[in-house]
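User: I am new to reading protein models and would like a close look at a single part of this one. Could you take me through one helix slowly, and show how its two sides differ and what lies across from it?

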Amino acid sequence: MKRLVGLLIITQTILFGMLIFQLNELADSVLQAGSYVATQEGSLAWGGNMSPWFLFLLLGLTLLGAYLTFSKE
């Protein structure tokens with residue numbers, strides 16, 4: 001059961017991270033398009049809205065899932 005919970009945590013974290021990453025890219029594209037329409041020259045940096053703490057949280061959850069999956073009972 002512990003192994004199953006670990007696999008569930010890993011899978012859920014990876015899928016959630018992919019979803020948030022794609023939403024962040026979409027938001028950046030919308031911001032760049034709006035900036036270009038407003039100023040005719042605007043440019044925004046990629047990934048400006050994603051905090052490094054969010055990535056550390058995803059890594060921590062993945063490591064927790066790996067620990068639960070591969071630890072001895």
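Analyst: What follows begins with the whole chain and then turns to the second helix, H2.

Please keep in mind that this is a predicted model, and that its secondary structure comes to two helices and zero strands. The protein has 73 residues, of which 22% count as buried, and it exposes about 5700 Å², with carbon and sulfur atoms supplying 73% of that area. Among the contacts with a separation of 6 or more, 70% are made by residues 24 or more positions apart.

The part to look at closely is H2, which covers residues 52-70. This helix has 19 residues, and the distance from its first C-alpha to its last is 27 Å, close to the 27 Å expected at 1.5 Å a residue.

Which residues of H2 are buried? They are Phe 54, Leu 58, Gly 65, Leu 68 and Thr 69. Because these residues cover an arc of only 105° around the axis, they are on the same side of H2. A general point about helices helps here: an α-helix has 3.6 residues a turn, so residues three or four places apart point the same way.

On the face turned away from that buried side, H2 carries the exposed residues Pro 52, Trp 53, Phe 56, Leu 63, Tyr 67 and Phe 70. Two of these can be followed further. Tyr 67 has a relative accessibility of 54%, and since exposed means over 50%, Tyr 67 counts as exposed. Leu 63, which also lies in helix H2, counts as exposed at 54% relative accessibility.

Being exposed can be set beside a second matter, namely what lies across from these residues in space. Tyr 67 and Gly 6 are 61 residues apart in sequence, yet their C-alpha atoms are 7.2 Å apart. In a similar way, Leu 63 and Ile 9 are separated by 54 residues along the chain and by 9.3 Å from C-alpha to C-alpha.

Ile 9 belongs to the other helix, H1, which runs over residues 2-39. Apart from its neighbours within four places in sequence, Ile 9 is in contact with Leu 61, Leu 64, Gly 65 and Leu 68. Two of these partners, Gly 65 and Leu 68, are among the buried residues of H2.

H1 also offers something to set beside the exposed face of H2. Leu 23, which has its place in H1, counts as partly exposed at 46% relative accessibility. Together with Phe 16, Leu 19, Leu 26 and Val 30, Leu 23 makes a nonpolar surface patch of about 490 Å².

Conventions: Residues are numbered from 1 along each chain as its sequence is written. This is a predicted model: local features need pLDDT of at least 70, side-chain atom pairs count only at pLDDT 80 or more; totals for chains, interfaces and linings use all residues. Side-chain values use heavy atoms; hydrogens and water are left out. Helices (H or I, at least four residues) and strands (E, at least two) are DSSP runs, numbered from the N terminus. Buried means under 20% relative accessible area, exposed over 50%, partly exposed in between (1.4 Å probe, protein chains only). Contact means heavy atoms within 4.5 Å. Accessible areas come from the Shrake-Rupley method with a 1.4 Å probe; for residues, only the protein chains shown count as cover. The expected span of a helix is 1.5 Å times one less than its number of residues. The arc is that of the directions from the helix axis to the C-beta atoms. Patches are made of residues with over 30% relative accessible area and no salt bridge: like charges are joined within 9 Å, nonpolar side chains (Val, Leu, Ile, Met, Phe, Trp, Tyr) within 5 Å. A salt bridge is a side-chain nitrogen of Lys or Arg within 4 Å of a carboxyl oxygen of Asp or Glu.
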